[in-house]
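Q: Could we go through this model together, a few residues at a time and then the overall picture? I'd like to keep the questions short.

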Amino acid sequence: MSAALTTVADLSDRSVLGDARLVRVSRAAALIAVVALVLAAIVAWRQGDPHGFAMIWLQNGIYVLTLALGAFFFVLIQHITNAGWGVAVRRVAEAQAANLNWLWILFLVPMFWLFVTDRQFHGSGHAEGYTFGHGLALIWPWADLAHLSAESPAEGVIVAAKSAYLNVPFFLIRACVYFAFWAIATTWFFRTSRMQDHSGDPSLSRRMRFAAAPALILFALTSTFAAFDWIMSLSPAWFSTMFGIYFFAGICAGGFSALAMGCLRVQGLGYLRGVITAEHYQDLGKMIWAFGIVFWAYIAFSQYMLIWYGNLPEETVWFIARQIGDWAWVSVALLLGHFIIPFLFFVSRWAKRWRGTLTIGVVWMLAFAWLDIYWLVMPVVPHDVATYTTYDALAAVYATTSTGLGNPLNYLMLVGFVGLSVAGATHRLSRCAVLCRRDPRLNESLRFENI
Amino acid sequence: MANLSASAPGLQSATKGFIESDNTEQPTEGRAPLVLNMHKFGEVTHQVCRVAENRPPLAWYIAFAICLSMLGFLGFCVTYLIFTGVGVWGLNNPVMWAYDITNFVFWVGIGHAGTLISAILFLFRQKWRTGINRFAEAMTIFAVVCAGLFPGIHVGRVWFAYWLFPIPNSMDMWPQFRSPLLWDVFAVGTYFTVSLVFWYVGMIPDLATLRDRAKGRFQQFAYGLAAIGWRGSMRHWHRYEVAYLLLAALATPLVLSVHSVVSFDFAVSQVPGWHTTIFPPYFVAGAIFSGFAMVVSLAVPARQLFGLKDLITMRHLDNMNKIILLTGCMVGYAYSMEFFIAWYSGAMYEKFAFVNRAFGQYWWAYWIMVSCNVITPQLFWFKRVRTSIPLMFILSIFVNVGMWFERFVIIVTSLANDYLPSSWDQFVPTWVDIGTMVGAFGLFGVLFLLFCRYLPMIAIAEVKAIMPEANPHPHDHGVPTGAVGALHEPQSGGSST
């Protein structure tokens, strides 16, 4: 019997209304973020590797994006299924998702800057003056087809065939469309939910439920094509129909873990005592376990097994890039750290219910969700991969491939971007109730118990 | 919905003459009732048990006669096949898999709804599943029986079918463990076993109820034997609940694994149109899609025929139609991804395979598939369609047709036009192909009708547990939820949809 000992009537403003406690956290997070980003800028300038810096930027940007998208997905499924249990944690998710209305700055600003800049970052032999959109080739090699073809003619032919999709203007338009949808939708859901705080109008619940269905469809399409555009096209010749779903599983792993972490920390500040209980934590833990761990492993295994078994060179190269040199250790670490160890950890009931163990679990999952994105974004397919006759010969040549995980820039940027996200979410929470306090299903959520 | 009774005539409860209450609208506070017009547990028991205790309606005999003759024809076709050889089918080189494997995948898919309802919806605390889980599970088992028939007979030399299993034999021959065809044997075998155990364990308390009510000696003996000494003591119930939860957790991965392994049969190969990584989740979504469609196709006549409208309410049907819509959208997503990546990959064979599906010799099959699986289910966006008995019945049949064609399209179009144009051919089914397919529906129908006749079609004990009477709350009767006293309710919350 650990249902909340609180009813709607007992909720005090101190327990529910965002106030100076959250403002302090928000300011501290922003300060840390700014310090980390300034340090990152200094380190990046000293390293003098624009490509490496851009990749680290992209990887950490995608990471904080998945955390917000996961919370957005959580909000949508709460509405569409008429769920009762999750009302107590939904506001935290809404605030986390609301980061999507500024995260575009981390993406669109650098993209457009690369678009308009006339610098060419790769090697020698670049054309004089501005060449249309080639700056994006700093990250996405297809943006400069001539250079790609010179480096790897076979790849150039394949990539040229898909230039109707992989071209700079369309790429930028798509990015704007994704962010426009995410920003508008999360803002709308957050605002409608806060309107209910004041009016208690049950028809708002119904309206959000209706909106959740088309929003879910658009969520599926935008997150899929965002994964294609920003991650899959890093190896522009490679393709996998399941890639969007793999990215979705990563969204669940990171997003749900961040949500659990957010609830733990908001309670740590003294809010929602007796509102979010072990029951809610157990359910959040189950969702991390089911979607972020087991479903992720299912999708990761299926994708790897089908490609490796099929043994078509144009498909296997992507995995070869992830098992040469030190990358093999990262792949093994993901198998253990993203699946086997947390699978065993999260399967037990008490580990999800006790806040101490849950904190350990979600920090672990957040770390491996980050590593998963790193594993997706960073490895480079060797351009001469087709010239080897055996796998062993290739593996021997690339035995010393480094993962770049030792670069402090990774962690400075991580702290910077996560700090900004924390600051964004807590800033929003500090200006409203941290609980959907007049949601008609709040009572159901408060007295919810796992059997 | 006010016009519910107008849009669906004949909705009066078969037993009591009540107008069917509308429980499809989920209130924002509290939850819609899942059992209608009943106020005592005994009424539920009576409603379900009388199906097994009395003579079935005339329609049952007619349906049974039809299914039995279809089953007889299946027996004839299979015997003819075994005595003559697989040449009696329309198979050729390169189309070496056609109706046989299409039917296999179709039936395995049908089975998925049962496990999803009994295991995953149980873990999701979807209380409405209690009205439909028993016969969805039964449907699962019968569907797997039908599925198991096809690999068995398509091996050609049926007397060697046991070679599918890794049995040590005198020739020291083993199946190829690296082949997904062998994984299939394990996956489907495990699925059948666990589904059967789950179904049977869940049925034990209800079998005991039938035993206790039985009038004839033979019925008492048969139901008593099947009830394996259930006495309904506290200790029995406690162990039963634990066993049920554990079986649900064990069955859950099977919902994903079985059709994933079936999809591996195709996806590990390099055949264009088969080798695509989205196949496992896509097949699983498609399986749940077709399974729920079959549950709707069966539930609609069954609740009418046996007077179970107060237990399988419009809300249950509405929810199932929503799941059909959801999984239909997932299937549509998978079709789009396949098409997009076929183009995006730049692989000419892949591109050809998909264009050939839509515009090649089997274009009609492809467009039947797309219409029935992606387009018509979109009508379920409208509540008026989701709650109309005739429309949902028609749409669920459409989905079944569409999902059969999906497997046909995947299997036959890819094989008929593979890498080498000189070996292209066309598959034309023979009467034995069609007879075997139709006969399998007969087998399924016979098993299902026997189940309806002799076993408790609805999980009596589980349905009782979701009635308000199972949830006594003496302190605050009549006080709206939201009041302090609501604290005293055990096991509340959770249930959604």
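Q: Which helix does V89(A) lie in?
A: This is a predicted model, and in it V89(A) belongs to helix 4 of chain A, which covers residues 87-97.

Q: Is V89(A) buried or exposed?
A: V89(A) is buried, because its relative accessible area is 0%, and the cut-off for buried is under 20%.

Q: And what does V89(A) touch, leaving out residues up to four places away in sequence?
A: With those neighbours left aside, V89(A) is in contact with F74(A), L259(A), C263(A), I276(A), H280(A) and L284(A).

Q: How far is V89(A) from Q323(A), C-alpha to C-alpha?
A: The C-alpha atoms of V89(A) and Q323(A) are separated by 40 Å, and the two residues are 234 residues apart along the chain.

Q: C263(A) came up just now, so what about cysteines: how many disulfides are there over all chains?
A: The search of the whole structure finds 0 disulfides.

Q: Why is C252(A) not bonded to C263(A)?
A: The cysteine sulfur closest to that of C252(A) is the one in C263(A), and at 16 Å it is too far away for a bond, given that a disulfide requires the two sulfur atoms to be within 2.5 Å. C252(A) also counts as buried, because its relative accessibility is 0%.

Q: What about C77(B), where is its nearest cysteine sulfur?
A: That sulfur belongs to C146(B) and is 14 Å away, and C77(B) is in no disulfide. At 0% relative accessibility, C77(B) counts as buried.

Q: Staying in chain B, where does T327(B) sit, and what does it touch?
A: T327(B) lies in helix 11 of chain B, residues 314-344, and it is buried, with a relative accessible area of 4%. Not counting residues up to four places away in sequence, T327(B) touches A285(B), I288(B) and F289(B).

Q: And G72(B), which helix is that in?
A: G72(B) is placed in helix 3 of chain B, residues 58-84, and it counts as partly exposed because its relative accessibility is 43%. From G72(B) to V188(B) the C-alpha distance is 25 Å, with their positions 116 residues apart in sequence.

Q: Back to chain A: why is helix 12 described as largely enclosed?
A: Helix 12 of chain A, residues 313-320, has 6 of its 8 residues buried, so it is largely enclosed by the rest of the structure. The buried residues in helix 12 of chain A are E315(A), T316(A), V317(A), W318(A), F319(A) and I320(A).

Q: What covers the buried residues of helix 12?
A: In chain A, the cover includes helix 10 (243-268), helix 11 (278-310), helix 15 (355-377) and helix 16 (391-397).

Q: Zooming out, how many helices and strands does chain A have?
A: Chain A has 18 helices and 0 strands, and 60% of its 451 residues count as buried.

Q: What is the radius of gyration of chain A, and what would a compact globule have?
A: Chain A has 23 Å, which agrees with the value near 22 Å for a compact globule of 451 residues. The C-alpha trace of chain A spans about 70 × 45 × 40 Å along its principal axes.

Q: And contacts in chain A: what percentage join residues at least 24 apart?
A: Among contacts between residues at least 6 apart in sequence, 81% join residues at least 24 apart.

Q: Last topic, the surface and charges of chain A: what are the numbers?
A: The accessible surface of chain A is about 17100 Å², with 70% belonging to carbon and sulfur atoms. Chain A carries 29 positive and 24 negative charges, and their mean positions are 15 Å apart.

Conventions
Residues numbered from 1 in each chain as written. Chains lettered and ligands numbered in written order. Predicted model: local features only at pLDDT ≥ 70, side-chain atom pairs only at ≥ 80, totals over all residues. Heavy atoms only, no water. Helix = DSSP H or I, 4+ residues; strand = E, 2+ residues; numbered from the N terminus. Rg over C-alpha atoms; globule rule 2.2 N^0.38 Å. Buried < 20%, exposed > 50% of the residue type's maximum accessible area, 1.4 Å probe, protein only. Contact = heavy atoms within 4.5 Å. Areas by Shrake-Rupley, 256 points an atom, 1.4 Å probe, with all protein chains shown as cover. Lys, Arg positive; Asp, Glu negative; His and termini not counted. Charge placed at Lys NZ, Arg CZ, Asp CG, Glu CD.
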